[in-house]
Amino acid sequence: ITMKIFKNIASSNLESKPFLLLYQKQNSEYVGIRKIWIDSEENPTTLYIDSLTPDTTYYYTFLVSNDGTILENFISNFRGLNHKEYSFKTFGKPFQPYSFNFSAASCAQSSSNHDVFRVIAEKNPQFFIHLGDFHYDDITENNTNAFYTAYYKSFLSNTQRELYTNVPITYVWDDHDYGGNDCEGDSITRDAATEAYKKFVPHYLTQHPYPLLSNRFEQLSTLNESSLLRKVFNRTLQRKTNSYGIYHSFIVGRTFFIVMDETSYRILSTHELLGSEQQVWLENQIYFASRKKEIEVVFLVSPLSWNSWAFNKFEKSKYFISDIVKKYLYPANKQVYMISGDAHMIGFDDGSNNDLAGFPTIQAGSLDSRPNCKGGPYSHGFFPGRGQYAFIQVEDDGEKVCLKINLNRMNETLIYYDTCNK
């Protein structure tokens, strides 16, 4: 797991030496206690924690000590230390049956303190997918400090901090948090946005896929599981081209998430959204999912709303995505869903209005932005508004994978869809 630790949050005294205390609970006992020093001069500090047990809840807190006394007396003294406790749950083993839930949403005005962030945290999703427009600073200069400020304003919000310190996040930008409104990939802000993202956001490695040519997948059948994951997601090789683009993928049980970056390579004049490098990556990810028989469900994560005019402006990319889904995933009998942001509304279409590709689409917004409608129609309707998000339960009994899709406004479910009980 990757953490971004802000020292002014972890410790009020930057001159002292803070550390993270990681542990598990068994009945009333604290076990597996690990002390991890936060000794980097960087702020935020990036902390990588490995050797974690799958499908396990871990707890952690931040302490300050110049010696070992707090750690030695941790079990007896913890309740009196008055330190806030946080937790996360690791995923189950990849490619094996595993049930979980997650939440997704997009679009929050800068410095938003809306209660929706707290509501999502209270639902205890295993992770949260932020679909873009993390803020609306609409920065139009190549100034990393401007992006740092935008992130700080979000993290200083009490309700946003409640979510981001308690729920793991994967995040991909849209336009307002990359540059100005409707900016393209070559925006003057490109370098600053990329640098700030990598500094402030805990993220999967955003690297080029392995292999580059689809016929190289024939070699994957001989690899064990860990080697397969390393090669497909290229966790060990550095990118050979540039450092732009934050597209990535990850596996949870038998569900595969493919997160597209639809801003870094956006060119309106040529109707292209993904760029040639990301297209190669995307086709390889989808081809991999089609060939890996243990994968049952594929989520395409899209900052732009598939059912809207905003995506229709990039018809070349829309046809490309549709074609590779139909070429690889449908013949392999995979369940395919797209979850989208950008439009400030929640909505669900069961695929009956998706003439190009036929997959269902889940619209998740807005967290806290002016309500609006984009596109449609949606088979199960849509609701513009603030305080809205998707909460999705993935139930895998080993025989089949079912999704229970809840599209909520605060604590009220406005649209519900059960893929196994339609």
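Two strands are taken as paired if DSSP finds at least two bridges between them. The views below show a predicted model.

**Figure 1. Pairing of strands β14 and β15 in the predicted model.** Strand β14 comprises residues 345-349 and strand β15 residues 361-363. The two strands run antiparallel and are joined by 3 bridges, which satisfies the requirement of at least two. Within this pair, F348 of the one strand is placed opposite I362 in β15.

**Figure 2. The open sheet of 7 strands.** The strands follow the order β10-β11-β12-β13-β15-β14-β16, and their pairing is mixed. At the edges stand β10 (248-252) and β16 (382-384); each has a single partner strand, so one side of each is left without a neighbour in the sheet. From one strand to the next, the twist averages 15°.

**Figure 3. Helix α9 against the sheet.** Helix α9, formed by residues 275-291, lies across three strands: β10, β11 (255-259) and β12 (297-302). Relative to β11, the helix runs at about 175°. An angle over 145 degrees counts as roughly antiparallel, and α9 therefore falls in that class with respect to β11.

**Figure 4. Packing of helices α9 and α11.** Helix α11 spans residues 315-329 and packs with α9 at an angle of about 20°, the two axes being 9 Å apart. The helices are therefore roughly parallel to each other, and the crossing of α9 past α11 is right-handed. On the α9 side, the contact is made by Q279, L282, E283, I286, Y287, A289 and S290. The residues that they meet in α11 are S317, F320, I321, I324, V325, K327, Y328 and L329. By residue class, this contact between α9 and α11 contains 10 nonpolar, 3 polar and 2 charged residues. An α-helix has 3.6 residues a turn, so residues three or four places apart point the same way.

**Figure 5. The enclosure of helix α7.** Helix α7 consists of residues 190-200, and 8 of its 11 residues are buried, so the helix is largely enclosed by the rest of the structure. The buried residues of α7 are R190, A192, A193, T194, A196, Y197, K199 and F200. Among the elements that cover these residues are β1 (2-5), α5 (144-155), β9 (169-171) and β10. Strand β10 is also an edge strand of the sheet shown in Figure 2, and α9 lies across it as well.

**Figure 6. Two cis peptide bonds in the loop between β15 and β16.** One cis peptide bond joins G365 and S366, with omega of about -15°. S366 belongs to the loop between β15 and β16. A cis peptide bond also joins G376 and P377, where omega is about 0°. P377, too, has its place in the loop between β15 and β16.

**Figure 7. Positive phi at S51 and D138.** S51, a residue other than glycine, has a positive phi near 55°. This serine is found in the loop between β4 (45-48) and β5 (57-64). S51 is exposed, its relative accessible area being 67%. D138 is likewise not a glycine, and its phi is positive at about 50°. The loop that holds D138 runs between β8 (128-130) and α5. With a relative accessibility of 28%, D138 counts as partly exposed. Helix α5, which bounds this loop, is also one of the elements that cover the buried residues of α7.

Notes. Residues numbered from 1 in each chain as written. Predicted model: local features only at pLDDT ≥ 70, side-chain atom pairs only at ≥ 80, totals over all residues. Heavy atoms only, no water. Helix = DSSP H or I, 4+ residues; strand = E, 2+ residues; numbered from the N terminus. Axes fitted to C-alpha atoms, helices over the stretch in contact; angles between N-to-C directions. Contact = heavy atoms within 4.5 Å. Parallel < 35°, antiparallel > 145°, perpendicular 65-115°, else oblique. Left-handed = near helix turned anticlockwise from the far one by under 90°. Nonpolar A, V, L, I, M, F, W, Y, C, P; charged D, E, K, R; others polar. Buried < 20%, exposed > 50% of the residue type's maximum accessible area, 1.4 Å probe, protein only.
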